Amino acid sequence: MSQPRAMEDAAGDDHGAFIQKFILLPSSDHHQQQEQLPLHGLTFAIKDIFDVAGRVTGFGTPDWARTHAPAATTAPAVLAALAAGATGVGMTVMDEMAYSINGENAHYGTPANPCAPGRVPGGSSSGSAVAVAASLADFALGTDTGGSVRVPAAYCGIFGLRPSHGVVSAENVVPMAQMFDTVGWFARDVATLSRVSDVLLPPVSTDAELPRPSRVIIPADCFKILGSSDDDHTYEILNACAAKVFGSDAVVDNGDLGDFVSSNVPRIGKFMTDLSAIEASSSCVPSLSAISRVMRVLQRSEFKANHAEWVNTVKPNLGPGIRERVQEAIASEDRSAMDDLHAVRTEFKSALAALLKDDGILAIPTVPGAPPKLRMDAALLEDFRARAFSLLSIAGLSGFCQVSIPLGTRHGVPVSVSLLAGHGGDRFLVAVAQELQEALQAEAAAAWGSSA
């Protein structure tokens, strides 16, 4: 496929979403057929982690940009969007080295959250989410390792899809931790999310109809992680909506996910004995905290393998929070537990696959509450991060697909929920999101009434 043609574009008021604005024209050579292309007329933004030929990929930090040459080729995900008729509009700000879910960048500035002023936009795909939420692009490409599409989608009140691990090419994308890295995307509406998904997800091999859910699992314990934040009544909204939309066609199951994990992931017990006080507290689910810990140790190990040499050689000037996290990863020695960690990952993926099968949906909170305020003290964020990763690691460690769906804004902050489906069930998941989203938003509006 030919490389994209670029045109520079002057930067305007962009909410701080872009590192560089430019125009990448659709790559089709048949101009008379442009209007027939599936993404014709749509614009998209690109996270500063994707290679674009002739441009330096910055990985969110000036020292990375300074020490790397311009890319020789363009990432397949970018090329696919261009070939489908979309127009690229620029490279977006991200958290340095993709190692945060906050969205704050000490060097390029923090993109302004259009949905919740004064609060973080979420990361690490912060600029991509803000570009979409602020209507600066119709959709945007991001990456999600530990939550970097799902979190900013939730914080910015838009849709965000983390596909099944490995189904969308991550070639020519700077790796964070390949075991978990996924290429995902954002959109303001589910119709655009579906159009982009039709292009970027692998083509279907048959004309068989997608199944309808036979089981919707809405685990009560996952919503207890919200604590007082669930005065938004997301648990009740999901249960009511599932009953109305699917009726007797689907069983609604409110069984605790934590108990299921404890009973069906034999080696998880080894990682539940040394949880932190926060992870073991009543605001968390211990077995999900252990799943989160397993994932974060594996992620840290791969990050170290990928980037320790560069960090030790260049000694980059990283921002606060990122600096400490990167240093911890580079100094870590986790080799002794690797066999058990990989075993838990395998057991967890197998258990969740048996639970959901090909036509089950798991519904959980995307994040444990409202977006944190800007420049919040790191110590105060620790409880929030622990609860967030206990939810985010469900899809992360299993490799399953997850879509974050905005319900609306209440008390000045966005509220969202997430749906998960089994590995490879991406089109099924998007179809269910399409079927549910209007009912979810209507149910939320009715539940919140005048307090929204």
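The legends below accompany several views of one predicted model.

**View 1. Overall fold of the protein chain, with its 13 helices and 12 strands.** The radius of gyration of the protein chain is 21 Å, close to the 22 Å that the globule rule gives for 452 residues, so the chain is as compact as a globular protein of that length. Taken along the principal axes, the box filled by the C-alpha atoms is roughly 55 × 50 × 45 Å.

**View 2. Burial and contacts within the protein chain.** Of the 452 residues, 57% are buried. Among contacts with a separation of 6 or more, 76% are made by residues that lie 24 or more positions apart in the chain.

**View 3. Surface and charges of the protein chain.** The accessible surface comes to about 17,200 Å², and carbon and sulfur atoms account for 51% of this area. The protein chain carries 33 positive and 49 negative charges, and the mean positions of these two sets are 4 Å apart.

**View 4. Surroundings of the sulfur of Cys115.** For Cys115, the closest cysteine sulfur belongs to Cys156 and is 7.2 Å away, which is too far for a bond, given that a disulfide requires sulfur atoms within 2.5 Å.

**View 5. Cys284, a buried cysteine.** The relative accessible area of Cys284 is 7%, and the residue therefore counts as buried, the cut-off being under 20%. The closest cysteine sulfur to that of Cys284 is in Cys222, at a distance of 11 Å, again too far for a bond. In keeping with this, a search of the whole structure finds zero disulfides.

How values were computed: Residues numbered from 1 in each chain as written. Predicted model: local features only at pLDDT ≥ 70, side-chain atom pairs only at ≥ 80, totals over all residues. Heavy atoms only, no water. Helix = DSSP H or I, 4+ residues; strand = E, 2+ residues; numbered from the N terminus. Rg over C-alpha atoms; globule rule 2.2 N^0.38 Å. Buried < 20%, exposed > 50% of the residue type's maximum accessible area, 1.4 Å probe, protein only. Contact = heavy atoms within 4.5 Å. Areas by Shrake-Rupley, 256 points an atom, 1.4 Å probe, with all protein chains shown as cover. Lys, Arg positive; Asp, Glu negative; His and termini not counted. Charge placed at Lys NZ, Arg CZ, Asp CG, Glu CD.
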